[in-house]
Amino acid sequence: MAQTTLHTLSSMQQRGEKITCLTSYDATFTHWLNAAGVDMILVGDSLGMVLQGLDSTLPVDIEDMVYHTHCVKAGNQNCLIMADMPFMTYRTIEQAMTNATALMQAGAQIIKLEGGIWLQDTVAKLYEQGIPVCAHLGLTPQAINKLGGYRVQGRTPEQAQNMLDEALALEAAGASMILLECVPTSVGKAITEATSVPVIGIGAGPYTDAQVLVLHDMLGLSPGKQTRFVKNFMAQENTIQDALAAYVREVKNQTFPASEHCFE
């Protein structure tokens, strides 16, 4: 298989082929994600919760992200690698440039930022300097204290319109992708139809161009009750490799996410 690039994903979007994404934080799991045919890997700041045992993503720092991006790069053959910019590492354009550079040099091909309109200038500057950006809207875990918990976003017409306006503004600023987390299916559909860049969904319904889940969640490894949008693929398979293949298959044939994984 050839190396997946942003152009590859854009071509998939244009011909209506669903894009698959999972998180990974090390070389070994990255090897198996490649073998399963996953299109894109997210080195997520979710590592703070699934690897470090923290109760949020907030304590994760840029050194953590650079280290794990290096690990993923070492095990990667074909997947596009996206890396999270952790909490408060892009407060200013200069800070964003420095930290995004470190992630790109570690092996990322696109970086992800959480936030709305206030990120326009940062996105534009990164794009100008050759650093692709994925803009993360909806439930943004780095703002969990402001949001008052892990709640579905965009439920009212006003909130939905504001999110759509932000997605369009960030695309205009140069964002190469949009990620929507924990929003009603109707909002995911509207933003996907209104924007021209690939839209990734996690709890955003079946109409987005791509789907992403946290690896440990879809393998049934995360303790506690799973959120609505998670499916445990290990429950139906015998091996991790089979579970990864099932995820890719079900996203591609559009049987995942099903209605029970969506918000209305």
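Begin by selecting Asp84 in this predicted model, and show every residue that Asp84 touches beyond four places away in sequence: Leu42, Val43, Gly44, Asp45, Met65, Leu103 and Lys112. Asp84 itself lies in strand β3, and with a relative accessible area of 3% it is buried, since buried means under 20%. Among the residues that Asp84 touches, Asp45 deserves a closer look, for the side chain of Asp84 reaches the backbone nitrogen of Asp45 at 2.8 Å.

From Asp84, follow the chain into the loop between β3 (80-84) and α5 (93-106), where Met88 lies. What is the sign of phi in Met88, a residue other than glycine? Phi of Met88 is positive, with a value near 60°. In general, most residues other than glycine have a negative phi. As for the surroundings, Met88 is partly exposed, with a relative accessible area of 41%.

Next, select Cys182, which sits in the loop between β6 (177-181) and α9 (185-194). Cys182 is not a glycine either, and its phi is positive, at about 60°. Is Cys182 buried or exposed? Its relative accessible area is 4%, so Cys182 counts as buried, whereas Met88 is partly exposed.

Now move to Lys231, in the loop between α10 (215-218) and α11 (240-252). Its side chain makes a polar contact of 3.2 Å with the side chain of Gln236, which you can display as a dashed line between the two. If you then show the residues that Lys231 touches, again setting aside those up to four places away in sequence, you will find Leu213, Asp217, Met218, Gln236, Glu250, Phe256 and His261.

One of those residues, Phe256, leads to the following stop, because the peptide bond from Phe256 to Pro257 is cis, with omega near 0°. Pro257 has its place in the segment after α11. In general, most peptide bonds are trans.

Go back to helix α11 and select Ile240, which is found there. At 31% relative accessibility, Ile240 counts as partly exposed. Which residues is Ile240 in contact with, once its neighbours within four places in sequence are left aside? They are Phe29, Leu219 and Met234. Add Trp32 to the selection as well, for Ile240 and Trp32 are 208 residues apart in sequence, while their C-alpha atoms are 8.6 Å apart in space.

Finally, zoom out to the whole chain and colour it by secondary structure, which comes to 11 helices and eight strands. The radius of gyration is 17 Å, close to the 18 Å that the globule rule gives for 264 residues, and the chain is therefore as compact as a globular protein of that length. Taken along the principal axes, the C-alpha atoms fill a box of roughly 45 × 40 × 40 Å. Buried residues, Asp84 and Cys182 among them, make up 58% of the 264 residues.

With the contacts of the chain in view, consider those between residues at least 6 apart in sequence, of which 62% join residues at least 24 apart. If you switch to a surface display, the accessible surface comes to about 11,100 Å², and 53% of it belongs to carbon and sulfur atoms. Colouring by charge brings up 15 positive and 26 negative charges, whose mean positions are 5 Å apart.

Key:
Residues are numbered from 1 along each chain as its sequence is written. This is a predicted model: local features need pLDDT of at least 70, side-chain atom pairs count only at pLDDT 80 or more; totals for chains, interfaces and linings use all residues. Side-chain values use heavy atoms; hydrogens and water are left out. Helices (H or I, at least four residues) and strands (E, at least two) are DSSP runs, numbered from the N terminus. The radius of gyration is taken over C-alpha atoms; the globule rule is 2.2 Å times the number of residues to the power 0.38. Buried means under 20% relative accessible area, exposed over 50%, partly exposed in between (1.4 Å probe, protein chains only). Contact means heavy atoms within 4.5 Å. Accessible areas come from the Shrake-Rupley method with a 1.4 Å probe; for residues, only the protein chains shown count as cover. Lys and Arg count as positive and Asp and Glu as negative; His and the chain ends are not counted. The place of a charge is taken as NZ of Lys, CZ of Arg, CG of Asp or CD of Glu. A polar contact is a pair of N or O atoms within 3.5 Å; within protein, one must be able to donate a hydrogen and the other to accept it, and residues adjacent in sequence count only if both atoms are side-chain atoms.
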